[in-house]
Amino acid sequence: MWLPIQINEQSAEPLYYQIEVQLRALIVSGQLEEGTLLPSIREFAQLLKCSVITVRRVYQDLENEGLLRTKQGTGTYVARIEQNAMESYRLDAVTEALEAAVDAGKLVQCTREELAQLFQDVLERKFGG
Amino acid sequence: MTDTAVSLADVELRRPHFQLGPIDLEVPKGYVTAIVGPNGSGKSSTFRLVLDLIKPDKGEINLLGQSTTQEEDWRVKSKVGYLPELFSPHDDKLKASIKTGFVKKWYPEWDVNRYQELLRLFEVDDHIKLGKMSKGMRRKYEFALTLSHHPELLILDEPSSGLDPLAWRTMIEVLHRYMEPGGRTILMASHIVEEVKRLADYIVFMIHGRVLGVYEKDELFGSWHAFYVHGEKVSRKLVQQLPGQCGIEEAGGGMLRVITRQAPDAETWCGQEGITITHRQALQLDDILAILVEQERTRLRS
């Protein structure tokens, strides 16, 4: 099974965190439907070239959040997610991306006003005037 | 606490030109542990000690729950698959299938179908004399032989040496599938950065006969970063205090490249000191090894 998860090795974010954010987004956006069987821990680790320790942690964390469930002996599945839970997770990945954009701006000494203006410009362009 | 497949406690091996240890090492069951180190750092000797092919001068070794100082138990060894780095030339005159016939007698779990499957996968013909095989072919044959009794523990010494890129990929595939059922363990030595990245869960650095530490792979790569910093405040003197600092060099244009082995702490520190990190770079395994070797050299000199 292939999952569209990109790892950025140069990032300051720990690997397990990067994977968690993206996998969570895939689940709450409905791209991974309820009942989907996820790869085994070893398989997923192989796919992402990371250690099984990292994948185990990701599965564990998302299971604690109620997004995944593990059936003994058969594997890890996408759990049923309540509609309001979906809503609270929906914006996480977007928030993450915006934070990265602001960090990029701060790196080249953008002011708050400049960034706000840039954001407005991008909105105009993407949504049309 | 995870189970341990292999453990060495205070193990020493003394030779006229080489001293190994004291080594303390625990290899966790169910994981791939890769030992990384320069030539002659004692990786192969460590494997031979674990397999009881040589006796330590001191210390305690435990293999799959059995102490090697106790009476030898062949049943424990039959659960181990060992691929040495070099093969002795004394079986060069043997046809591969004859060697297989001899080897399989030692393993109650020997699985002829598994053996045939591996030979097919690696395109190895076992009717050839071992001495007539190319280096890669010989390696693939020995690799198939190592895996055909469904070992609980695999000890692989530079497994990919002599393999072409395609055979190398097949080997990685086979090892991933070997690990899939869980409860199995690989202990390997490798210089191949990509191989360690693809396979290992834990990395052990071994230099001059000493174990410098066992690290979870992703944590290791997440901790060793190079920061590029500049600015009026930035000076060599200041960045020397960067947490986990392991080296500073000029990167041109007033920029300093600082290496840290504690990236998260170092980042917090930069924030507190008002230092902007212009760029960061995760170090590769060979970069990290080079720094550790240099530190070890400095330590030995002082």
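How many helices and strands does the secondary structure of chain B come to? In this predicted model, chain B has 11 helices and 14 strands.

**Chain B as a whole**

The C-alpha atoms of chain B occupy a box of roughly 75 × 40 × 40 Å along the principal axes. Chain B has 302 residues, of which 35% count as buried. Among the contacts in chain B with a separation of 6 or more, 70% link residues that are 24 or more positions apart.

**A sheet in chain B**

An open sheet in chain B is built from 4 strands in the order 12-13-11-14, with antiparallel pairing. Strand 12 (245-250) and strand 14 (277-282) of chain B each have a single partner strand and stand at the edges, so one side of each has no neighbour in the sheet. On average, and with direction ignored, neighbouring strands of this sheet are turned by 20° against each other.

Strand 14 of chain B runs antiparallel to strand 11 (residues 225-229) of chain B, and 5 bridges join the two. One of the residues concerned is His225(B), whose bridge partner in strand 14 of chain B is Ala282(B).

**Where chain B touches chain A**

Between the chains, 18 residues of chain B are in contact with 15 residues of chain A. Strand 14 of chain B appears here again, as one of the elements that give two or more residues to the side of chain B touching chain A. The others are helix 6 (165-179), helix 7 (193-199) and helix 8 (217-223) of chain B. By class, this side of chain B has 4 nonpolar, 5 polar and 9 charged residues.

**Chain A: domains and a helix pair**

Chain A is divided into domain 1 (1-82) and domain 2 (91-129). The C-alpha centres of domain 1 and domain 2 of chain A are 28 Å apart.

Two packed helices are described by the angle between their axes and the distance between the axes. For helix 1 and helix 5 of chain A, the angle is about 135° and the axes are 9 Å apart. An angle that is not under 35 degrees, not over 145 and not within 65 to 115 counts as oblique; helix 1 and helix 5 of chain A are therefore oblique to each other. The residues that make this contact are listed below.

| Helix of chain A | Residues in the contact |
|---|---|
| Helix 1 | Val21(A), Arg24(A), Ala25(A) |
| Helix 5 | Asp92(A), Ala93(A), Glu96(A) |

By class, the contact of helix 1 with helix 5 of chain A has 3 nonpolar and 3 charged residues, and no polar residues.

Note on methods:
Residues are numbered from 1 along each chain as its sequence is written. Chains are lettered from A and ligands numbered from 1 in the order in which they are written. This is a predicted model: local features need pLDDT of at least 70, side-chain atom pairs count only at pLDDT 80 or more; totals for chains, interfaces and linings use all residues. Two strands pair if DSSP finds at least two bridges between them. Axes are lines fitted to C-alpha atoms, for helices over the stretch in contact, and angles run from 0 to 180 degrees between N-to-C directions. Two residues are in contact if their C-beta atoms, placed from the backbone, lie within 7 Å. Ala, Val, Leu, Ile, Met, Phe, Trp, Tyr, Cys and Pro count as nonpolar, Asp, Glu, Lys and Arg as charged, and the others, Gly among them, as polar. Domain bounds come from an automatic or database domain assignment. A residue is buried if 20 or more other C-beta atoms lie within 10 Å of its own, exposed if 12 or fewer, and partly exposed in between; C-beta atoms are placed from the backbone.
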